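User: I'm new to this structure and would like to know where its descriptions come from. Could you take me through it?

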Amino acid sequence: MDVGAAKVAKYATSESGDTLEFVERPMGGLSVVLADGQRSGRNAKLISNIVVRKALSLLAEGVRDGAAARAAHDYLRTHRSGSVSAELVIVSADLNTQTLVISRNTHCPALVLYGNQVDIINEPSIPVGVYPDTKPVIREIPLKAGLCVAAFSDGMCVAGERSGGALDLAAILPEYAARTNSAQELADILLAAAIDADHGRPTDDTSVMVITVRESLQDIDIRRMSVTFPI
């Protein structure tokens, strides 16, 4: 499994309101958690941090994805009295069930690519933090070599709209995925396409995560992680 992520703040905003983090699952596997706080800037960052921290802590303790998402909703709603929202997506490779689990509390779709076929996962779902009894929309997919999943915040969804050149992410994903075997490179390519669509000035905080599954050619199971962080 290969995981890559790339993110950029809204143009002329010093801090992105998106938070994206990884956590290892105690029963085997990895979860990637992305939250997009309401609006942008530092206040949005505080909101998304609250949501991601709560979800990560529970996932690391073995809590299932749906329960972790509901708990993150309850925590934000209690902490901020239901006055702010966040969009949340959790993508997990669960080695206990041998499935890829996609949990969405966001209007943005997740894209599942296998071969040249793209499945757009876009069932209606509600952001966390505001309405009571909010639950995620969950899809489980068997883990298999050749699988690729892309999920993102709404900066990707609206990229190019103001200039009339909105990205068709489902259409471009197979073409871009064919260029590389690296999830990180694919995340970088998708983010670059969104920035280009906004003529170098992202209209919203923009984050993308990519998870790919491929056959291993290693004799020894080596795990790697790399982070590039502007300072």
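**Helices, sheet and how they meet**

Analyst: Happy to! In this predicted model, helix α1 (residues 42–60) lies across β2, β3 and β4, and runs at about 10° to β2. Helix α2 (residues 65–79) lies across β3, β4, β5 (99–105) and β8, at about 155° to β4.

User: What makes β3 and β4 a pair?

Analyst: Two strands pair if there are at least two bridges between them. Strand β3 (residues 29–37) and strand β4 (residues 86–94) have nine bridges, in the antiparallel sense, so they count as a pair. As an example, Gly-29 has Asp-94 of β4 as its bridge partner.

User: Why are β2 and β8 said to stand at the edges?

Analyst: The open sheet has five strands in the order β2-β3-β4-β5-β8, with antiparallel pairing. β2 (18–24) and β8 (137–142) each have a single partner strand, so one side of each is left without a neighbour in the sheet. From one strand to the next, the twist averages 10°.

User: Why are α4 and α5 called oblique to each other?

Analyst: Helix α4 (residues 169–177) and helix α5 (residues 183–197) pack at an angle of about 135°, their axes 10 Å apart. Roughly antiparallel needs an angle over 145, and roughly perpendicular covers 65 to 115. The angle of about 135° fits neither, so α4 and α5 are oblique.

User: Which residues make that contact?

Analyst: From α4 come Ile-172, Leu-173, Tyr-176 and Ala-177, and from α5 come Leu-186, Ile-189, Leu-190 and Ala-193. By class, this contact of α4 with α5 has eight nonpolar residues, no polar and no charged ones.

Definitions and conventions
Residues numbered from 1 in each chain as written. Predicted model: local features only at pLDDT ≥ 70, side-chain atom pairs only at ≥ 80, totals over all residues. Heavy atoms only, no water. Axes fitted to C-alpha atoms, helices over the stretch in contact; angles between N-to-C directions. Helix = DSSP H or I, 4+ residues; strand = E, 2+ residues; numbered from the N terminus. Parallel < 35°, antiparallel > 145°, perpendicular 65-115°, else oblique. Contact = heavy atoms within 4.5 Å. Nonpolar A, V, L, I, M, F, W, Y, C, P; charged D, E, K, R; others polar.
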